[in-house]
Amino acid sequence: MFKAANYLPPKKFYGCLLTSIRIIVALLPFSLHAQATIPTAEPIIKEGKTLFENNCTVCHAIHEEIVGPALAGVYDRRPIPWLNAFIKNSQKVIQSGDTYAVQLYEKYNRMQMTSFDLSEDQVLAILAYIKDATENVPEPTVAPSEKAVAGGGAAEVERAIPDKYLLAIFIALIIVLLLILLALILIVTFLTKLIRQKGELDEADEEIVAQKINLKKIIQSKAFKGIAVFIFTAIVLKAGIDGLYAVGVQQGYAPRQPIDFSHKLHAGEYQIACEYCHTGVTKSKIANIPSPNICMNCHSVIEKAHPEVQKIYAAIENNTPIEWVRVHNLPQLAYFNHAQHVKVGGIECQTCHGPVEEMEVIYQYAPLTMGWCIDCHRKTAINAKDNAYYDKLIQLHESKHNDLLKVEAIGGLECGKCHY
Ligand code: HEC
Ligand code: HEC
Ligand code: HEC
Ligand code: HEC
Ligand code: HEC
Ligand code: HEC
C-alpha cells in the first residue's frame, strides 16, 4: 500500500534542514561583508571624512595615538565585519570574548569606546576615508586658509572691543590732563609767592610775575561758553542715539553658565565638530543645545571626577535638565532658520557667531538686529553650488547684470520672509 510517509524523509531531517537554513541565513550577512571591499570613490571618502570628524576625532587620529589607537591601516589589521561590529558596539565584541578586542580593551585601560548608530555603508565610508588618509598623507595647505578665515573674525573682535572702551579712555585722558593743569597752577602760585618773598625783582620781572591767569575771566568768555555747550550737547546726543540703537541689542552678552563648559576646550583644542552637539543645525530651524546624554558619550569615561563634570552626573541622576542660560535671543516676531543658512546658504557658524572655538565662555558676537540681517542679504551672493534649483535664476540674472545673484534678489528683503 502507498504510504506517503515511507517516501518522505524522517522528521529529524526537517529539523536538520531548518537548522542549516538558519545557519546560512545567519552567515549570509557575514559572507556579504567578507565580499564588501572598501570603496575608493571620492564622494564616499568625503562622506567618510565628515563622519570621522563628527564622531571619531575626539579620540582617534589617523597617524597618532590620542585617546584611542591610531587608525592608520586598521582595515588590514582586522576584517571588515569585525570593524563593523566593533565600531557599532565595541562592548558587545569585547564581551563576546574576542581575544583581539579584549586585549586592546585592556591595553587602553578599559576605556570604553562610544557606541555608534551608523549604517554599514557609513562604516565603509569611514574606512574609505581612513584608507585614503593612511595612503595619502594630507598636505598642510588647508589649515592656513582656514586660519586666515578665523583670523579675519578675530581681527574684527579686536577692533570691536577697543571701540567700547574708547569713551572710557577718552574720559580718563581728560581727567589726567586736568590734574596736570592743576599741579602746574599750584607750582606757579607757589613759585610766585617765593619770588615775591625774596623781593629781588626789577620792574620788568615784576610785571611778568604780576600777570595772573584770570580763570574767572576765561570761564566767562563767550568762546569758552560756546565750546563747553557744544561738547556737552554732542556727548548727550551721542549717548542718546547709541542708547536708542542699543535697545534690545545684547551684543557681547556672555552670561555665566551653570556648568563651566568651554567651547575653547571642546570645539577648539579637541576639535569636536559643532554638529556633534548642536545636532539640529543642518536639519532644522534651531541648532539645539545638547542634552546631558551627549556629554555622557565622553564623560562616562573622561574627567569623571572633575567637579564641573559631576554636575552632569547630578543632572542625569536627578532627572533635571541642565539650565543653560540662552545667549542668543531674537524677538518672537522674527523668523530665523539655521538649516537655510548653514546647509543651503553654506555660511560658516563663525560668520555669525564669531570665533567660538576660541571662546572660554560663549558670547553674542553679532548685533542680531534687523539691519544686520538685511545688510548681509544685500551683500551676500546665494550659494548656487550643488543647487540646481538656482540655475535658471542665475542664468536669467547673468544675462542682465554682471554681478552675482544676491540673497536680496530671491526675496531676502521681503518683510514676510523674516516676520511671521
Ligand atoms: C570616547 C573615545 C572614542 C571615540 C569617540 C571613538 N573611539 Fe574608537 N576606540 C577608542 C578606544 C579607547 C579604543 C581602544 C579599544 C577600547 O578600549 O575599547 C578604540 C578602538 C577603535 C578601533 C580598533 C583599533 C585597532 O587598532 O584595532 C577602531 C577601528 C575604532 N576605535 C574606530 C572608531 C571609529 C570609526 C570611531 C568613530 C565613528 C571611533 N572609533 C570613536 C575610543 C574611541
Ligand atoms: C566628544 C567628547 C566630549 C563630549 C561630547 C563632551 N566633552 Fe567635555 N571634555 C572632553 C575632553 C576630551 C575634555 C578634556 C579632558 C582633559 O583635558 O583631560 C573635556 C573636559 C570637560 C570639562 C572639564 C573642563 C576642564 O577645565 O578640565 C567639563 C566641565 C566638560 N568637559 C563639560 C562637558 C559638557 C557639559 C558636555 C556636554 C554638553 C561635554 N563636556 C561633552 C570631551 C567631551
Ligand atoms: C561638546 C559639545 C559642544 C560642541 C562641540 C559645541 N558646542 Fe556650542 N554649546 C554647547 C553647550 C552645552 C552650550 C550651552 C552652554 C553655553 O552657552 O556655553 C552651547 C552654546 C552655544 C551657543 C550659544 C547658544 C545660545 O544660548 O544662544 C553657540 C552660538 C554655540 N554653542 C555655537 C557653537 C559652535 C559654532 C560650535 C563649533 C565651533 C560649537 N558650538 C560646538 C555645546 C557644544
Ligand atoms: C546667518 C547667521 C548664523 C549662522 C551662519 C549660524 N547661526 Fe546660530 N544663531 C543665529 C541667530 C540669529 C540665532 C538666534 C536665533 C533665535 O533666537 O531664534 C542663533 C542661535 C544659535 C544657537 C542657540 C540655540 C538656537 O538654536 O536658537 C546655537 C546653539 C547656534 N546658533 C549654533 C550655531 C552653529 C553650531 C552654527 C554653525 C553650524 C550656527 N549657529 C550658524 C545666527 C546664525
Ligand atoms: C552672513 C550673512 C547672513 C546673515 C547675517 C543673515 N542671513 Fe539670512 N540668508 C543669507 C543667505 C546667503 C541666504 C540664502 C540662502 C539660500 O540660498 O536659500 C539667506 C536666506 C534667508 C531667508 C530665506 C530668504 C528666501 O527668500 O528664501 C530668510 C528668511 C533669512 N535669510 C532670514 C534671516 C534673518 C532673520 C537674519 C537675521 C537674524 C538673517 N537671515 C541673517 C545670509 C545671511
Ligand atoms: C532679513 C530679515 C528681515 C527682513 C527682510 C525684515 N525684517 Fe524686520 N526685523 C528682523 C529682525 C531679526 C528683527 C528683530 C531685531 C531687532 O529687534 O532689532 C526685526 C524687527 C522689526 C521691527 C521692530 C520690532 C520691535 O519690536 O522693535 C519692525 C517694526 C520690523 N522689523 C518691520 C519690518 C518691515 C516692515 C519689513 C519689510 C520692509 C521688515 N521688518 C523686513 C528681520 C527682518
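## Exercises on salt bridges and the iron site

In this predicted model, Glu 308 and Lys 311 are joined by a salt bridge whose closest N and O atoms lie 3.1 Å apart.

**Exercise 1.** Work out how Glu 308 and Lys 311 are placed along their helix, and decide whether each is buried or exposed.

*Solution.* Begin with the sequence positions: both residues belong to helix 16 (residues 307-317), and because they are three residues apart there, about one helical turn separates them. Next, turn to accessibility, for which buried means under 20% relative accessible area and exposed over 50%. Glu 308, with 17%, is therefore buried, whereas Lys 311, with 35%, is partly exposed.

**Exercise 2.** Which helices hold the partners of the salt bridge between Glu 120 and Lys 88, and how many residues apart are they?

*Solution.* Start from the contact itself, in which the closest N and O atoms of Glu 120 and Lys 88 are 3.6 Å apart. Glu 120 lies in helix 8 (residues 120-135) and Lys 88 in helix 5 (residues 80-88), so that this pair, 32 residues apart, links distant parts of the chain. As for accessibility, Glu 120 is partly exposed at 38%, and Lys 88 is likewise partly exposed at 25%.

**Exercise 3.** Identify the residues that coordinate the iron atom of ligand 5, and determine the geometry of the site.

*Solution.* First, find the protein donors: His 341 and His 377 each coordinate the iron atom through NE2, at 1.9 to 2.0 Å. Then consider the angles: the six donor atoms around the iron atom subtend 88 to 179 degrees, and the arrangement is therefore octahedral. Finally, place the two histidines in the chain: because His 341 is in helix 17 and His 377 in helix 19, the pair ties together parts that are 36 residues apart in sequence. His 341 is partly exposed, with 23% relative accessibility, while His 377, with 14%, is buried.

**Exercise 4.** Describe the shell around ligand 5 by its number of residues, its classes and its polar contacts.

*Solution.* The shell comprises 20 residues, divided by class into twelve nonpolar, seven polar and one charged. Helix 19 supplies the largest share, four residues. For the polar contacts, take the side chains and then the backbone: an N or O atom in the side chain of Lys 417 is 2.7 Å from an oxygen atom of the ligand, and one in the side chain of Gln 340 is 3.2 Å from a ligand oxygen. Ile 410 contributes a backbone N or O atom, which lies 2.8 Å from an oxygen atom of ligand 5.

Key: Residues numbered from 1 in each chain as written. Chains lettered and ligands numbered in written order. Predicted model: local features only at pLDDT ≥ 70, side-chain atom pairs only at ≥ 80, totals over all residues. Heavy atoms only, no water. Near = heavy atom within 4 Å. Polar contact = N/O pair within 3.5 Å; in protein donor to acceptor, adjacent residues only side chain to side chain. Nonpolar A, V, L, I, M, F, W, Y, C, P; charged D, E, K, R; others polar. Donors = N, O, S within 2.8 Å, 3.2 Å for Na, K, Ca; no water. Tetrahedral: all angles 85-135°; square planar, octahedral: opposite > 155°, others 65-115°. Buried < 20%, exposed > 50% of the residue type's maximum accessible area, 1.4 Å probe, protein only. Salt bridge = Lys/Arg side-chain N within 4 Å of Asp/Glu carboxyl O.
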